[in-house]
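Work through these short exercises with the model open beside you. Each task is followed by a solution in steps.

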Amino acid sequence: MTAAPRAEPVSKPQEGVLSSWEAPDWEAPAPGGWWRVVHKPLVYAISRPMEITLPNGKGHDNEALARLMRAAGKTSGHLCFQTHRGGEVLAMREEKQWDPVQDTHWHRLRDEGAFGEQWIREDAAVLGLGAFIEPLASGSGPPAAETQAEHRHAIDAARSMREEVEGMMERARWQAIAKGGKEGDEQQQSGISKSQAVLLGIETAQFASAAARRLLRLPSQQPLGAEGSASASGAVAEGTGSLCDKLLEDGYVVIADALKGKKLQAFVEEMSRLDDGWNLHVPPQQTPGQRGDRVVWLDEEGARDRFGAPTVAEAIGLLRGIADALNPAVSRHHSDMAASGHPAHVSAPAAPATRERVLTVPPRAMAASYPGAGARYIPHKDNVYRPESGNRVNTRELTAILYANPPDWDLRRDGGALRLYKDSGDAEDEPEEALKKGGWNAEGDRECLLRKGKGPVTIAPLGGRLVIFFSALWHEVMPARRPRRALTLWILRPDLASIGASAAVAAARQRLGSAEDGDDDEGAEGPPDGSTAAASAARAPPPRPGNGVDDGG
């Protein structure tokens, strides 16, 4: 269930993985002119024209930061900032604001950052920093070729230097944590313990659940439809044997009624309330238009006490119980794969995982909502094996999604299906490309593959339905035409090889201004990444496996 990624250059990123301000459209209008970053080594843009830095290097104004987060609708402060290196050239809109307290103008960038709007101050003399940006002589016209080259050089230098330095530092930190001892203790005392739990997870035994064990033994009564895997109503045949065995054999399993009756009704209502106001935020994204959901991370206590959602809290506990119930079977599977020499399984487990119990659970689950209007999530994986470095890019093993949609959901009318690509765990090619070549098992054309069950499985997001699949499988969320909600928990398999890679990916995302409290490394129905529903409705190239991972289902 792993994939071989494409090799990616480090020092010179491809255009496809650059943000719009990193690789700007030089010919597009820049009504507010082109400006060069003149402060060295870097400056910062903010999601609203609100300064939160205290003068003369005295730190942050916490009250101002809280106001900024509320105004921007963000739950983490670092999602409100984007750094820009000296030498970058930025296109501005006409929109600008005078700040009498800071004695400077704020300019709004034409190209948005990972978090949305970018505002940058023209001068920071009040802070003791001097000028941030200066206008180019070209005005609103395209900058000279030499200036464009200087911009590209600044971008390449910033990305390669930070990736190398931060990657080495984070790998060293997580290796120390994995080995324990003095270095690991120091990291925990330095505030790393939260991130450690995100990567390494929590032992599952404390979440043992009789209800979860019963669910995994239940056979499905859902019939097959005429078109293959899905019936006309969107139901999926779920087999009649052990659901643990079915998961290991097919790579996925669907449980039709994990929640039902009054419990399901309460879950749907609470998830709908969660989707109101400022609770959910637009996650950052690696590829423009790749996703259209909004998310919030929460544990049982947060669901119950902060959001007043006790049934959501119970659902998180149920998903943790599912992980515990699966642990023996998945651990045996892992042992068999390791004995066979499968490279994604040979690395030793990292505590609290053991060889007998390889699965753990993260501190929080993710609630996600697609607002309708065609919002989708393009094909992606939640984890991938990288043979050139000998590790998976994170510790996710299984993706568990519990849907929270109304009982009248109709797949033809409402869309929003989960499309899951069986047998794609070791596949590098994205699904459409693979099907053009005859599929991952190369047994003929697309129609033949679909008839033989080797094409995509279409799963309707019916309320109370639970889907569990290996995180290395390609999957996507089809355009949703009404609000579509789900609760996702990534079940982890931490090992010594992957924890350093996970930390390096998280560092790279934070470097690009796109990390959310461990976001994608903590979870969604998809890492980090910001789009609108309209943008996500458009087809865009899928994220490349070697560039980190995504959340979605």
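**Exercise 1. Decide whether His333 is buried or exposed, and say what it touches.**

Solution. This is a predicted model, so read every value as computed from it.
- Place His333 first: it belongs to helix α8.
- Take its relative accessible area, which is 17%.
- Apply the cut-off: buried means under 20%. His333 is therefore buried.
- Look for partners, not counting residues up to four places away in sequence. His333 touches Leu248 and Phe470.

**Exercise 2. Describe how α6 packs on α8.**

Solution. Two packed helices are described by the angle between their axes and the distance between the axes.
- Locate the pair: α6 covers residues 261–274 and α8 covers residues 310–339.
- Read the geometry. The angle is about 110°, and the axes are 8 Å apart.
- Classify it. Angles of 65 to 115 degrees count as roughly perpendicular, so α6 is roughly perpendicular to α8.
- List the contact. From α6 come Lys263, Ala266, Phe267, Glu270 and Met271. They meet Pro310, Thr311, Val312, Glu314 and Ala315 of α8.
- Sort by class: the contact of α6 with α8 has 6 nonpolar, 1 polar and 3 charged residues.

**Exercise 3. Do the same for α4 and α8, and give the handedness of the crossing.**

Solution.
- α4 spans residues 210–217.
- α4 and α8 pack at about 65°, with their axes 8 Å apart.
- The crossing of α4 past α8 is right-handed.
- α4 contributes Ala211, Ala212, Arg213, Leu215 and Leu216. α8 contributes Leu318, Gly321, Ile322, Ala325 and Leu326.
- The contact of α4 with α8 divides into 8 nonpolar residues, 1 polar and 1 charged.

**Exercise 4. Which residues touch the most other members of the largest nonpolar core?**

Solution. In soluble globular proteins, nonpolar side chains tend to be buried together.
- The largest nonpolar core holds 61 residues.
- Leu298, Leu326, Ile468 and Leu487 touch the most other members.
- α8 supplies the largest share of this core, with 12 residues.
- Now follow Ile468, leaving aside its neighbours within four places in sequence. Its contacts include Leu216, Leu247, Tyr252, Val253, Ile322, Leu326 and Leu398.
- There is also a second, separate core of 24 residues. Tyr44, Cys80, Phe81 and Ala124 are among its members.

**Exercise 5. Find where the cis peptide bonds before Pro41 and Pro352 lie.**

Solution. Most residues other than glycine have a negative phi, and most peptide bonds are trans. Check the bonds here.
- Lys40 and Pro41 are joined by a cis peptide bond, with omega about 5°. Pro41 sits in the loop between β1 (34–37) and β2 (42–46).
- Ala351 and Pro352 are also joined by a cis peptide bond, with omega about 15°. Pro352 sits in the loop between α8 and β13 (360–361).

**Exercise 6. Assign Asp103 and Ala373 to their loops, and judge how exposed each is.**

Solution.
- Asp103 is not a glycine, yet its phi is positive, about 55°. Its loop runs between β4 (89–99) and β5 (104–109).
- Relative accessibility is 49% for Asp103, so this residue counts as partly exposed.
- Ala373 is not a glycine either, and its phi is positive, about 55°. Its loop runs between β14 (365–370) and β15 (375–380).
- Ala373 has a relative accessible area of 66%. Exposed means over 50%, so Ala373 is exposed.

Definitions and conventions:
Residues numbered from 1 in each chain as written. Predicted model: local features only at pLDDT ≥ 70, side-chain atom pairs only at ≥ 80, totals over all residues. Heavy atoms only, no water. Axes fitted to C-alpha atoms, helices over the stretch in contact; angles between N-to-C directions. Helix = DSSP H or I, 4+ residues; strand = E, 2+ residues; numbered from the N terminus. Parallel < 35°, antiparallel > 145°, perpendicular 65-115°, else oblique. Contact = heavy atoms within 4.5 Å. Nonpolar A, V, L, I, M, F, W, Y, C, P; charged D, E, K, R; others polar. Left-handed = near helix turned anticlockwise from the far one by under 90°. Core = buried A, V, L, I, M, F, W, Y, C linked by side-chain atoms within 4.5 Å. Buried < 20%, exposed > 50% of the residue type's maximum accessible area, 1.4 Å probe, protein only.
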